Amino acid sequence: MSTRQPIALSLSGFQFSYRNNYFDWRLLHGIDIDNVIRLTDVQAVEDCLDTLQRGAFAAERDRLSPANCVQLFRLLQLAIEYCAHLRAAHALLLDCYNVATATAESWKAAARTYLDVGSSFLSDSLGMGDVSREALDATDAAKSALEAADRDYNAALDALEAEDTRARHFRFRKQRTEISWSQLNAADADRLVASLDVGLLEAVLPNLTYGSITSEDDEQLTPHHFGQLIPLAQMPGRSRLRAVAGQRDRGTHGASHVGAAGGLCGHTHSHQCHAGAPWQHHLTAFGRASATRGAPSDGRCG
């Protein structure tokens, strides 16, 4: 089975912000990063996202110890990793939701057609006192189309539920790689902010996110290194959260809208028609449905 790619999310209206706040060190020092990774404690990361993104490293750099800088950078790495997961998960869920919405509309159209054809069949049969073979075939065809639409709708809901399950299974990566300083030093943080060069930022993200700062020689890490690392690490979280936020309301609305699209029954209920004689079940179905023509998509076809 091919891997589905997330749809592109818009960064319309997004700008990198200039930092002018102090970091909340009481909050940051209270986080055990190794425990966060081991327990996948995303709540701890969410709690410090605001201070991680808004803190002005340049204003505090001269008075921070190397241990403070390492703590700050490792937390920023976890924030980037978590935001990347959120962006991909929301994009794929939105894609699945759009498919489910389209199939729900197809189901409603098929249900209306079935009711229209069946009503004609019922009227003609009662008027003539006989069953027209042509009308019966047309009703059978409409019923088959509704059953196919029902299968497509249920399959779309299955895909949406499966994607939702996958989105909930997130783990922080434990294995880290060696930092490529040449790549990171070539990235100009101020130019990225001014030009909104998201493409360049995405290019350095794997190195920035998964590089192991704890494997570096402490004596060789200077304020210059952290002055390059930390401002760069603050950027991805802002851009990725903005992309997610632009779609979150639509995705949240979608979760409830699909389940009640046009008054459809819940996914656990089958919309299958009654079995039996090919004309009896049509007469029975449309005899009951005649009182509900204003709401043909109630999930009952017999």
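Which residue forms a salt bridge with Asp-50? In this structure, which is a predicted model, the partner of Asp-50 is Arg-54, and the closest N and O atoms of the two side chains are 2.7 Å apart. Both residues belong to helix α3, which spans residues 42–54, and they stand four residues from each other, about one turn of the helix. Neither end of the pair is hidden from the surroundings by the criterion used here, since Asp-50 is partly exposed with a relative accessible area of 47%, and Arg-54 is likewise partly exposed, with a relative accessible area of 36%.

To place this pair in its setting, it helps to look at the fold as a whole. The secondary structure of the protein chain consists of eleven helices and zero strands, so that a reader following the chain from the N terminus meets α elements throughout, in the order α-α-α-α-α-α-α-α-α-α-α. The chain has 302 residues, and 44% of them count as buried.

Helix α5, residues 66–128, is a useful element from which to explore the arrangement, and its packing against helix α6, residues 133–168, can be taken up at the start: the two axes are 8 Å apart and make an angle of about 165 degrees. Because angles over 145 degrees count as roughly antiparallel, the helices α5 and α6 are assigned to that class. The crossing in which α5 passes α6 is left-handed, and the residues of the contact between α5 and α6 divide into 27 nonpolar, six polar and five charged.

Helix α5 also meets helix α9, and here the axes come within 9 Å and cross at roughly 125 degrees. That angle makes α5 oblique to α9, although the handedness with which α5 passes α9 is again described as left-handed.

A salt bridge links these two helices as well, for the side chains of Arg-87 and Glu-202 meet at 3.1 Å, N to O. Arg-87 lies in α5 and Glu-202 in α9, which covers residues 198–210, so the pair ties together parts that are 115 residues apart in sequence. Arg-87 is partly exposed, with a relative accessible area of 28%, and Glu-202 is also counted as partly exposed, at 28% relative accessibility.

In total the count comes to ten salt bridges, and one of them joins Lys-143 to Glu-147, with the closest N and O atoms 2.6 Å apart. Lys-143 and Glu-147 are both in helix α6, where a spacing of four residues separates them by about one helical turn. What is the burial state of these two charged residues, buried or exposed? Lys-143 is buried, with a relative accessible area of 15%, and Glu-147 is buried as well, with a relative accessible area of 16%; both assignments follow because the cut-off for burial is under 20%.

Attention can now turn to the nonpolar interior. In soluble globular proteins, nonpolar side chains tend to be buried together. The largest nonpolar core of this model has 47 residues, and those with the most contacts inside it are Leu-72, Leu-208, Ile-213 and Phe-226. Several helices take part, each supplying at least two residues of this core, and among them are α1 (25–29), α2 (33–39), α3, α7 (181–186), α8 (189–195) and α10 (223–259), together with α5 and α9. The largest share of the core, twelve residues, comes from α5.

Two individual residues complete the tour. Cys-83 is placed in helix α5 and is buried, with a relative accessible area of 1%. Between Cys-83 and Leu-49 there are 9.8 Å in space, taken from C-alpha to C-alpha, while in sequence the two are 34 residues apart.

Thr-40, by contrast with these helical positions, is found in the loop between α2 and α3. The backbone of Thr-40 has a phi near 50 degrees, which is a positive value in a residue other than glycine, and the residue is buried, with a relative accessible area of 15%.

Methods: Residues are numbered from 1 along each chain as its sequence is written. This is a predicted model: local features need pLDDT of at least 70, side-chain atom pairs count only at pLDDT 80 or more; totals for chains, interfaces and linings use all residues. Side-chain values use heavy atoms; hydrogens and water are left out. Axes are lines fitted to C-alpha atoms, for helices over the stretch in contact, and angles run from 0 to 180 degrees between N-to-C directions. Angles under 35 degrees count as roughly parallel, over 145 as roughly antiparallel, 65 to 115 as roughly perpendicular and the rest as oblique. A crossing is left-handed if the near helix is turned anticlockwise from the far one by less than a right angle, and right-handed if clockwise. Ala, Val, Leu, Ile, Met, Phe, Trp, Tyr, Cys and Pro count as nonpolar, Asp, Glu, Lys and Arg as charged, and the others, Gly among them, as polar. A salt bridge is a side-chain nitrogen of Lys or Arg within 4 Å of a carboxyl oxygen of Asp or Glu. Buried means under 20% relative accessible area, exposed over 50%, partly exposed in between (1.4 Å probe, protein chains only). A nonpolar core is a set of buried Ala, Val, Leu, Ile, Met, Phe, Trp, Tyr and Cys residues joined through side-chain atoms within 4.5 Å.
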